[in-house]
Amino acid sequence: MTSHATSVRPRPRRVVRHLLVGLTVALVAALTPTGTTTPAQAAPSLLSQGRTATASSTENAGTPAAAAVDGNTGTRWSSAFSDPQWVQVDLGARATITQVNLLWEAAHGRAFQLQTSDNGSTWTTIYSTTTGAGGTQNLTVSGAGRYVRMYGTARGTGYGYSLWEFQVYGETGGGTNEPPVTPTDPYNPNLGPNTFVFGPSTPTSTIQSRLNTLFTQQETNQFGPQRYAVLFKPGTYSADVNLGFFTQVAGLGMSPDDVNLNGHVRTEAFWMGGNATQNFWRAAENLSVTLPAGQTVERWAVSQAAPYRRMHLRGGQNQIQLWNGGDGWSSGGLLADTRVDGLVVSGSQQQWYSRNSEFGNGWTGSVWNMVFQGVTGAPAPSFPNPSHTVIAQTPQVREKPFLYVDGTGEYRVFVPALRTNSTGTSWYNKTPAGSSISLSQFFVVQTGTSAATINAALAQGKHLLFTPGVHHVTEPIQVNRADTVVLGLGLATIQADNGSVGMRVADVDGVKVAGLMFEAGTTNSPVLMEVGPSGSSASHASNPTSLHDVFFRIGGPHVGRATNTLTVNSDNVIGDHMWLWRADHAASGVPTGWTLNTADTGLTVNGDNVTMYGLFVEHYQKYQTIWNGNGGRTYFYQNELPYDVPNQAAWMNGSTRGYAAYKVADSVTSHQAWGLGSYSYFNVNPAVVEERSFEVPVNPNVRFTNMVTVSLGGVGTINRVINNAGGTANAANQTVYLTTYP
């Protein structure tokens with residue numbers, strides 16, 4: 001990002017006229033004759049003050065977009081010294097716009113438009129000039145929309161555009177009725193038809209029958225629209241929970257130990273003959289498990305997007321196996337905020353990320369890339385034989401928010417506090433730190449609810465709880481308020497239809513998005529999720545936005561298309577386990593391939609000081625991940641390159657063969673990453689070559705530790721590991737390790 005020096009130059013302040021605007025409106029209203037025949041109308045209201053403002057750029061950190069709508073004529077927004085530039089305000093709801101006041105600093109706009117939008121992407125011009133003289137402009141306009149912006153195309157000085165205040169007047173509603181926002185009863189919430197809540201008095205046979213029915217339906221149902229959540233209130237149960245696709249099992253206690261299942265919470269791979277490399281999209285959370293008498297093995301044979309989070313496997317004599325046990329393969333997963341009293345056995349698991357967990361009897365096993373961070377009982381550091389990357393502490397993390405029931409029977413959401421330099425779980429033998437929010441403060445989103453209704457709830461200050469299902473949107477869900485919680489049950493899925501963006505998060509503090517999947521529709525979307533608008537620059541170091549178990553899918557159930565998948569523009573964002581996937585296979589009868597389910601890039605990071613924990617990005621057609629911000633950190637990275645490259649000519653980055661799996665922009669001066677793996681399987685054309693998996697600027701503050709490249713089965717070639725360092729992975733030498741760069 002470009003910053004401009006804060007050189008001192010005159011700042012004339014046109015304050016008096018600004019103050020007179022409000023007085024004039026009041027006096028006109030007071031002096032209007034009572035006998036007038038003009039129908040009474042509500043006076044236009046100042047709608048913009050204190051609302052979320054964003055801009056194309058800022059001159060420096062002291063001139064943010066928010067300063068243009070803060071009601072303080074001593075603060076200002078100013079842009080970079082170039083054209084075009086814009087500043088916009090989100091009014092929170094659709095409004096009829098009747099007047100816009102621009103209080104320019106000396107650096108004003110000579111040519112600019114005022115524009116409105118309902119979605120923040122498609123704009124209608126309601127005023128235009130090429131002869132703007134600056135000063136204070138009180139402009140009468142006629143338009144409607146939720147968003148209003150000043151779009152400048154020619155500056156009046158050699159500086160940028162600079163506004164003391166950007167005031168938008170009008171009436172909310174925009175001539176349409178606001179969609180209804182149903183209140184939530186926190187003692188008896190409607191969690192949707194696909195959420196099953198069990199209590200200690202529920203007969204064991206009823207519980208097991210429901211679990212068996214769900215597993216039979218979901219064991220192989222990786223591309224169906226069905227989504228399910230199975231929730232247990234505090235108490236003790238006997239149950240064998242065998243999880244299929246798109247099923248979440250979770251306890252409703254404040255601690256995992258508040259719910260104890262005598263039995264199993266497991267994932268097997270029998271449906272694929274022991275091969276667990278497609279065991280995706282399921283979750284076990286906030287439970288303790290006591291194995292049946294005489295049994296000592298729990299099995300969690302999974303690959304991507306299958307978190308085992310905030311769990312407690314009791315019994316020091318027991319072990320949890322991360323593969324099918326004796327046969328097959330598995331390909332990546334997550335243990336987080338979890339205690340295993342016994343042993344963790346990774347077996348044929350190819351890569352794994354464990355964070356802030358406790359292993360009573362340690363860990364055994366290694367294939368390519370095992371990363372341990374803030375884990376007590378982790379193995380000793382060793383790379384590449386065995387391939388154990390061990391990081392003693394987690395520098396800054398917030399655990400995932402979760403639903404629970406308190407002692408009065410009220411449903412609440414607990415939001416864990418930010419932890420610094422942490423080890424071990426947040427809950428075992430300690431009181432979790434954080435805050436609690438009544439479900440009465442949430443809008444519970446049922447399938448079929450429009451984005452307009454969801455946005456109306458957000459505008460009223462509500463948090464969101466998405467029920468299990470596929471939620472179709474044709475305009476972005478816009479999260480504008482700081483500290484908003486957006487939580488999904490049962491891997492609830494937001495599908496962006498008609499080329500829409502699925503969700504946009506403003507450049508504000510402390511938003512938490514958790515337990516959701518974003519799906520591309522058949523019409524190309526520019527991006528599925530955006531965190532902070534372009535040009536975001538505010539610091540959120542003390543209260544970062546965080547994304548937990550947020551997954552993305554392009555293709556699979558249908559042809560899907562999106563140019564970009566997740567773009568992070570805000571600073572200090574934390575990613576806590578994400579899988580971004582362009583489909584390499586699909587439902588029966590659904591076509592997939594290089595020209596069908598198209599997607600350039602998985603993750604794009606433009607913000608500074610962004611941290612990713614457990615990042616999986618696969619099969620994109622250009623860069624898998626591109627990092628443009630400074631101060632970035634990634635702990636564990638897993639990537640597969642696109643399988644379906646038709647030929648080398650179709651996959652060239654200029655004169656370079658292929659695109660890197662992880663690209664740090666040449667302008668970046670500081671970046672660190674630990675435990676990274678990238679794999680090729682060019683099964684359409686094994687002659688295809690990727691020049692390098694990791695491409696970074698040569699700088700002592702850009703450091704990569706413990707990398708591996710693999711030619712899966714020798715199908716395809718990765719010529720170098722990072723830049724021009726490291727050996728070639730191909731049929732003759734399928735696995736290549738490199739410990740440090742530079």
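Here is a walk through the nonpolar cores of this predicted model and two of its buried charged residues, Arg582 and Lys400.

Let's start with the greasy part. In soluble globular proteins, nonpolar side chains tend to be buried together. Here the largest nonpolar core has 78 residues, and those with the most contacts inside it are Phe466, Ile477, Met503, Met529, Leu566 and Phe704. Helix H3 (residues 451–459) supplies the largest share of this core, 5 residues. Apart from it lies another core, of 37 residues, with Val230, Tyr308, Val344 and Trp363 among them.

Zoom in on Phe704. Setting aside neighbours within four places in sequence, its contacts include Tyr662, Val664, Leu676, Phe694, Val696 and Ile722. His671, Thr739 and Thr740 are also among the residues Phe704 contacts.

Now for Arg582, which sits in strand S43 (residues 574–582). Arg582 counts as buried because its relative accessibility is 1%, under the 20% cut-off. What does its side chain pair up with? There is a polar contact of 2.7 Å with the side chain of Asp644, and a polar atom of the Arg582 side chain lies 2.7 Å from the backbone oxygen of Asn597. Beyond four places in sequence, Arg582 also touches Trp594, Glu618, His619 and Tyr620, among others.

Lys400 is in the loop between strand S28 (394–398) and strand S29 (402–405). At 7% relative accessibility, Lys400 is buried too. Its side chain makes polar contacts with the side chains of Glu285, at 3.1 Å, and Asp549, at 3.0 Å. Lys400 also touches Ala514: the two are 114 residues apart in sequence, yet 6.7 Å apart in space, C-alpha to C-alpha.

Technical notes
Residues are numbered from 1 along each chain as its sequence is written. This is a predicted model: local features need pLDDT of at least 70, side-chain atom pairs count only at pLDDT 80 or more; totals for chains, interfaces and linings use all residues. Side-chain values use heavy atoms; hydrogens and water are left out. A nonpolar core is a set of buried Ala, Val, Leu, Ile, Met, Phe, Trp, Tyr and Cys residues joined through side-chain atoms within 4.5 Å. Buried means under 20% relative accessible area, exposed over 50%, partly exposed in between (1.4 Å probe, protein chains only). Helices (H or I, at least four residues) and strands (E, at least two) are DSSP runs, numbered from the N terminus. Contact means heavy atoms within 4.5 Å. A polar contact is a pair of N or O atoms within 3.5 Å; within protein, one must be able to donate a hydrogen and the other to accept it, and residues adjacent in sequence count only if both atoms are side-chain atoms.
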